[in-house]
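The exercises below concern salt bridges and one helix, and each is followed by a worked solution. Please keep the sequence and the model at hand while working through them.

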Amino acid sequence: RFFNSNDRMVAVVVAALLAARCAGEFESVAIGIRGPGFVAVAADAAFRRGMVAMSDAVDKIVALDEGMLLCAVGDIGESEEFGEIARQSLTLHQLRGAPRPTAAETAHFLRRELVAGRRERRTLPKLKLLLASVDELYWLDETGAATRLPYAAHGLGSALVLGHLDRSYESDLAESKALDLVADCLRLLRERYAASTAAGFV
């Protein structure tokens, strides 16, 4: 059958959503912003199967200890399992009498775990991480790459978020300004990304 202009637009949007899903960009949203003495982290609370949101109450941020948070986005099973393994491994490390690891040491531990999991399964894990401590933010991807950044984003619409943060981020921003920036990023995703969701953010 022939498409009119509206049908063509719907077909283009559906094709873009399917391509995003195949590329792994549909799993979640994670945003981190570092300021002097704090890091603000936000992640969406949706669990999706394709374009359908199955739940809007999934917490993707795990407290590794009292001063460190891990935000894991990607496959829901992998992210929950990886977060729990990381938390328990760090707890065991401290129970054995070792000093509390720094954020850099923890980032390298997580990086090694991602790479080891990739080698064991011989597949690329669909998992992206943000590690936040009191004044440090680390970005890790599924290949095991890790870097310390002033701000970071993963997943759905991250290019839009990073473009906005490139323009608006200041190294000496206050906590209230960081929260305003996170809110601006979420508003931008809802307004401009075709796959925006009604699910909330944590």
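A salt bridge is counted here when a side-chain nitrogen of Lys or Arg lies within 4 Å of a carboxyl oxygen of Asp or Glu. This is a predicted model, in which local features need pLDDT of at least 70 and side-chain atom pairs count only at pLDDT 80 or more, while totals for chains, interfaces and linings use all residues. Residues are numbered from 1 along each chain as its sequence is written, and side-chain values use heavy atoms, with hydrogens and water left out.

**Exercise 1.** State how many salt bridges the structure holds, and explain what the pair D44 and K60 ties together.

*Solution.* By the criterion above, the structure holds six salt bridges. One of them joins the side chains of D44 and K60, with an N to O distance of 3.2 Å. D44 sits in the loop between β2 (38-43) and β3 (47-49), whereas K60 sits in the loop between β4 (52-55) and β5 (61-65), so the pair ties together parts that are 16 residues apart in sequence. Strands (E, at least two residues) and helices (H or I, at least four) are DSSP runs, numbered from the N terminus. For the surroundings, buried means under 20% relative accessible area, exposed over 50%, and partly exposed in between (1.4 Å probe, protein chains only). D44 is buried at 0%, and K60 also counts as buried, at 8%.

**Exercise 2.** Locate the partners D65 and R100 along the chain, and decide whether each is buried or partly exposed.

*Solution.* The closest N and O atoms of the D65 and R100 salt bridge are 3.0 Å apart. The pair links distant parts of the chain, since D65 belongs to strand β5 and R100 to the loop between α2 and α3 (103-121), 35 residues apart. With a relative accessibility of 17%, D65 counts as buried, whereas R100, at 43%, counts as partly exposed.

**Exercise 3.** Describe where D184 and R187 lie relative to each other.

*Solution.* Both residues belong to helix α5 (residues 175-192), where they are three residues apart, about one turn of the helix. An α-helix has 3.6 residues a turn, so residues three or four places apart point the same way. The side chains of D184 and R187 meet in a salt bridge at 2.7 Å, N to O. D184 is partly exposed at 27%, and R187 is partly exposed at 44%.
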